Amino acid sequence: MWLRNKIVQRMGGGGFMEQVGLDAWSMVQMASLASRKPGGEVKLLRKVRRERKCLNSAWECYNVMTLARAMSRLPGSFAEVGCYQGTTAKLMCEVKGDKPLMLFDTFEGLPQDCDKDARVHSVGQYACSMEKVSGYLAEYDNVTYHKGLFPDSAADVPEQQYAFAHFDVDLYEGTLGCLEYFYPRMTPGGVMLSHDYGMLKGVEQAFHDFMADKPEPIIPQATTQVMIIKQAGVAAAVEPTQALAPAMLAPR
Ligand SMILES: C[S@@+](CC[C@H](N)C(=O)[O-])C[C@H]1O[C@@H](n2cnc3c(N)ncnc32)[C@H](O)[C@@H]1O
């Protein structure tokens, strides 16, 4: 639990310490992946992680890539909210086929946090311009960029279904906005995956608050990630209290 400690998170937050820790941990994870996963996958992960600064560990990148690849078989678009320098977005591009991918970001870094967050971030942290991200992903077709605060930045996006949505916004309000926007638009069987559920108080709280009256279980991963698999037509048939184990909802 020490990584969830506010002081540790403030010390690490976006700086040298965070990157050194993440890189060291990811080296071990890459070695583990290289010992048992196909060479092509390992090569791609290594390449992407070397090209740009990535705030997801190697195992987290692996989960983004494999879940996105699996969801590319379902009808619906892909989306990511919180792309920073574009590394997890690039992994989604590599496996999406010809699906549309919508990338949402302020492209000016994090917005203001709120009292549901642990107050470990600062406004403007993790800023990267849209031009840098679009340049990095220029070789991929069907990728669109939506600059501004999500979910307001989705106002002009045509109504559609999503097969895979990746959230990496670090904060309570942004994560809640992602869940409110994407949950009703997910293809049955589609996946919403978020970074930092096991790490950041506000992200975890947003999942608990939003999913409290939904039938789908919250599925925490061994990484900091969490996922929800959208079910078809269950909401009307199943009492939320029967469908969700209370332990899944209880704050830690
Ligand atoms: C931790 S970084 C994302 C890391 C990235 N996925 C990677 O591969 O390294 C968080 C990003 O979320 C963006 N962000 C946070 N809240 C947002 C919101 N409400 N709307 C749009 N972008 C947001 C920030 O600008 C930043 O680029």
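A polar contact is a pair of N or O atoms within 3.5 Å; within protein, one must be able to donate a hydrogen and the other to accept it, and residues adjacent in sequence count only if both atoms are side-chain atoms. You're working with a predicted model, where local features need pLDDT of at least 70, side-chain atom pairs count only at pLDDT 80 or more, and totals for chains, interfaces and linings use all residues. Residues are numbered from 1 along each chain as its sequence is written, and side-chain values use heavy atoms, with hydrogens and water left out.

**Exercise 1.** Find which atoms of the ligand have a polar side-chain atom of aspartate 105 or aspartate 168 as a partner.

*Solution.*
- Start with aspartate 168: a polar side-chain atom there is 2.9 Å from a nitrogen atom of the ligand.
- Next, aspartate 105 brings a polar side-chain atom to 2.6 Å from a ligand oxygen atom.

**Exercise 2.** Work out how the rings of phenylalanine 150 and phenylalanine 182 are arranged.

*Solution.*
- Grab the rule: rings of Phe, Tyr and Trp (its six-membered ring) pair if their centres lie within 6.5 Å; planes under 30 degrees apart count as stacked, over 60 as edge-to-face and the rest as tilted.
- That rule gives 12 aromatic pairs.
- For phenylalanine 150 and phenylalanine 182, the centres are 5.6 Å apart and the planes at 5 degrees, so this pair is stacked.

**Exercise 3.** Now classify the ring pair of tyrosine 181 and phenylalanine 182.

*Solution.*
- Their centres are 5.0 Å apart.
- Their planes are at 80 degrees, so call the pair edge-to-face.
- Zoom out: ring pairs link Phe104, Phe150, Tyr162, Phe167, Tyr181 and Phe182 into a cluster.
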